[in-house]
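Trainee: Got a minute? I'm new to this one and could use a walk through it.
Mentor: Sure, let's put it on the screen and take it piece by piece.

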Amino acid sequence: MLPKGAQRDRVLKVVHDTSQEEVERVSRETGVPAADVYGAASFYTLISQPDAGARVCQGLSCRMAGSQELFADYLERGEPAIYASCIGQCDRAPAVLSPKMAVVSQRSAGAVSAANPELPMNLGGSDSLDYSALARSRELGGEGVLAALDASGLQGRGGAGFPAGRKWRAVLGETETERYVICNADEAEPGTFKDREVMLRRPHLLLEGLAICAETIGAKEVYLYIRGEFQEPIARLKAALAEVADGPLAGLNYHFVEGHGAYICGEETALLEAMEGRRGMPRIKPPYPTQEGFRGKPTVINNVETLACVPPIVLRGGEWFKGLGRTEAGTKLYCISGHVETPGVYELPLGVSLDELVAVAGGYVGEPVAFSPGGASSGFLPISERERALDFASLSEVGSMLGSAGVVVLNETFDLAEAACSQAIFFEDESCGQCAPCRIGTRLVHQALKGYLETRDPNALEHIEDLAWEMEEGSICGLGMVAALPLTSAIKHFPAAFSGGGQA
Ligand SMILES: Cc1cc2nc3c(=O)[nH]c(=O)nc-3n(C[C@H](O)[C@H](O)[C@H](O)COP(=O)(O)O)c2cc1C
Ligand code: SF4
């Protein structure tokens, strides 16, 4: 297997060999200093590693399914390959992106809830071109749409759970009338692949949600920032747009912006930096994007799922949507992967338990030990929490979070220290490097875990709590704040896995 150091050197060589002339050309043509062009180009893996060969996913679910062995096979066959951070195909683990960005996997993707018109997303149903929610929103007027959103209790589905109605109202409250709407489709949190399915199966629902948002806040320009690894969803959305651009969406301008391979660009202010052509480094907030967003103008940034919830809310009413939830409002698209029979995306009342979710996904494989409820950022919980509501409030009570609802189940066959190490590698690779506690801290967490896995000496982990505190308190954005959580939560709930022996 290619050691990481050598792999990095090769990457740097690719940047150096292939882009110097390009950097100078772009600098000449744009007047942007070459250092800034180089800085931006080298930040994004799809630009800095254009000819890297196969990209073997090293997200947790793929690791659990044997991605390291798969990577070794590529190298043994003499085929170029590199590791990639999560490519959003956890239901097809282990998965690989071909050089042409096609997904390669032995497993078929896309298990979703069966068709049911009572479900707002209804991923198993068929997409509709009638745009009746948009027509209804025009009848209701801006205040009517906002009242429906408020009544629905819709919390943003991108991770933070911020009320959608409040965000739209904040933009409306700004005196500046040049406003923007951006759909955040950068989905790259390990364990998460729900937005992918919305874009593939219900592209019109998303386009319609964006149109309602734009008309409500008085924006003409609508942007979709989609991770570049999602070529199929991008094509599906563009085809859907072509069907209606001159019909119901006439008067609005939709723009597609492809991400270039940087998880941090899912953070809304890093996304804005990327859209404005710079390195995707989060901004200090406030000001919030609703005040100074894209090009300094008031901007709504919403997640794909949040926006896709809007048309059914407008059509059927906020109270209806709210009543679909168990402990919090609405249904939720839960992603589930790891040690379960049928990984996929299931639309269920917000607040179901892990046991209920796994029952829908065909049951556990093996003896479940732990789970990660909301992507890498949510750390690990013991299986004794299997009946806890998977919602925003209940998970935060136990130091975790619903986040993007990317649930990963681990059984007795997978070492918790290995699992924590997988997440540590992810955060180290994806830290933008802007602030020291995160840049240095993510490296130290990874090194500590590597040391522990090599020696099984608990002393390797002795300063972790202090380090985690420093990272949580001193980081600019959510990445650095939670990057030590997979390790600290695993130590807390599974002390035996970190005391020198094996799993508890
Ligand atoms: C490190 C990091 C990565 C994020 N990645 C995503 C993402 O891929 N997609 C997303 O919608 N939100 C992501 N978010 C949350 C966004 O910053 C933002 O809260 C969200 O897009 C707002 O949409 P919502 O209100 O509809 O949830 C991320 C946040 C952080 C801190
Ligand atoms: S916390 Fe990490 S990812 Fe976030 S701004 Fe700081 S260095 Fe970048």
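**The open sheet and beyond**

Mentor: Let's start with an open sheet of 5 strands, ordered β10-β9-β13-β11-β12, with mixed pairing. Keep in mind that this is a predicted model.

Trainee: Which strands stand at the edges?
Mentor: β10 (344-349) and β12 (381-382) do, and each has a single partner strand, so one side of each is left without a neighbour in the sheet.

Trainee: And in which sense do β9 and β13 pair?
Mentor: Parallel: strand β9 (residues 331-338) and strand β13 (residues 406-411) are joined over 4 bridges. For one pair you can click on, cysteine 335 has glycine 406 in β13 as its bridge partner.

Trainee: Okay, zooming out. How is the chain divided?
Mentor: Into domain 1 (4-104), domain 2 (132-323), domain 3 (331-411) and domain 4 (416-498).

Trainee: How many residues are in contact between domain 3 and domain 4?
Mentor: On the domain 3 side there are 9, and they touch 12 residues of domain 4. By class, that side of domain 3 has 6 nonpolar and 3 polar residues, with no charged ones. The centres of the two domains, taken over C-alpha atoms, are 22 Å apart.

Trainee: Now the ligands. Which residues are closest to ligand 1?
Mentor: Gly156, Gly158, Gly266, Asn303 and Gly478 are the closest, out of 22 residues that surround ligand 1. The elements giving two or more residues to that shell are β8 (299-303) and α19. β8 gives the most, with 3 residues.

Trainee: What's the shell around ligand 1 like by class?
Mentor: It has 7 nonpolar, 9 polar and 6 charged residues. Domain 2 and domain 4 each supply at least three residues to the shell.

Trainee: And ligand 2, where does that lie?
Mentor: Between domain 2 (132-323) and domain 4 (416-498), because both give residues to the shell around ligand 2. 15 residues surround ligand 2, and the closest are Cys432, Cys438, Ser475, Cys477 and Gly480. Here α17 (436-455) and α19 (478-482) are the elements that give two or more residues. By class, the shell around ligand 2 splits into 9 nonpolar, 5 polar and 1 charged.

Trainee: α19 came up for both. What about methionine 481, which lies in that helix: buried or exposed?
Mentor: Something in between. Methionine 481 has 18 other C-beta atoms within 10 Å, so it counts as partly exposed. Leaving aside neighbours within four places in sequence, methionine 481 is in contact with Met471, Glu472 and Ser475.

Trainee: Switching topic: why is helix α12 called largely enclosed?
Mentor: Because 11 of the 13 residues of α12 (residues 304-316) are buried. Among them are Val304, Glu305, Thr306 and Leu307. After α12 comes glycine 317, which has a positive phi near 100 degrees.

Trainee: What about α8, how many of its residues are buried?
Mentor: 7 of the 8 residues in helix α8 (residues 194-201), so α8 is largely enclosed by the rest of the structure as well. The buried ones include Lys194, Asp195, Arg196 and Glu197.

Trainee: Back to strands for a second. How many bridges join β6 to β7?
Mentor: 6, and strand β6 (residues 221-226) runs parallel to strand β7 (residues 253-258). The chain gets from β6 to β7 through helix α10 (residues 231-244), making a right-handed β-α-β crossover. If you want a spot to look at, tyrosine 223 stands opposite histidine 255 in β7.

Trainee: Any odd backbone spots? Where should I look for a cis peptide bond?
Mentor: Try alanine 93 and proline 94, joined by a cis bond with omega about -5 degrees. Proline 94 is in the loop between β2 (81-84) and β3 (96-97). Another cis bond runs from lysine 285 to proline 286, with omega near -5 degrees. Proline 286 sits in the loop between α11 (268-275) and β8.

Trainee: And which residue other than glycine has a positive phi?
Mentor: Methionine 101 is one, with phi near 70 degrees, and it lies in the loop between β3 and β4 (103-104). Tyrosine 131 also has a positive phi, about 50 degrees, without being a glycine. You'll find tyrosine 131 in the loop between β4 and α6 (132-152). With 19 C-beta neighbours inside 10 Å, tyrosine 131 counts as partly exposed.

Methods. Residues are numbered from 1 along each chain as its sequence is written. Chains are lettered from A and ligands numbered from 1 in the order in which they are written. This is a predicted model: local features need pLDDT of at least 70, side-chain atom pairs count only at pLDDT 80 or more; totals for chains, interfaces and linings use all residues. Domain bounds come from an automatic or database domain assignment. Two residues are in contact if their C-beta atoms, placed from the backbone, lie within 7 Å. Ala, Val, Leu, Ile, Met, Phe, Trp, Tyr, Cys and Pro count as nonpolar, Asp, Glu, Lys and Arg as charged, and the others, Gly among them, as polar. A residue is buried if 20 or more other C-beta atoms lie within 10 Å of its own, exposed if 12 or fewer, and partly exposed in between; C-beta atoms are placed from the backbone. A residue is near a molecule or strand if its C-beta atom, placed from the backbone, lies within 6 Å of it. Two strands pair if DSSP finds at least two bridges between them. A crossover is right-handed if, with the strands pointing away from the viewer, the path from the first strand over the helix to the second runs clockwise.
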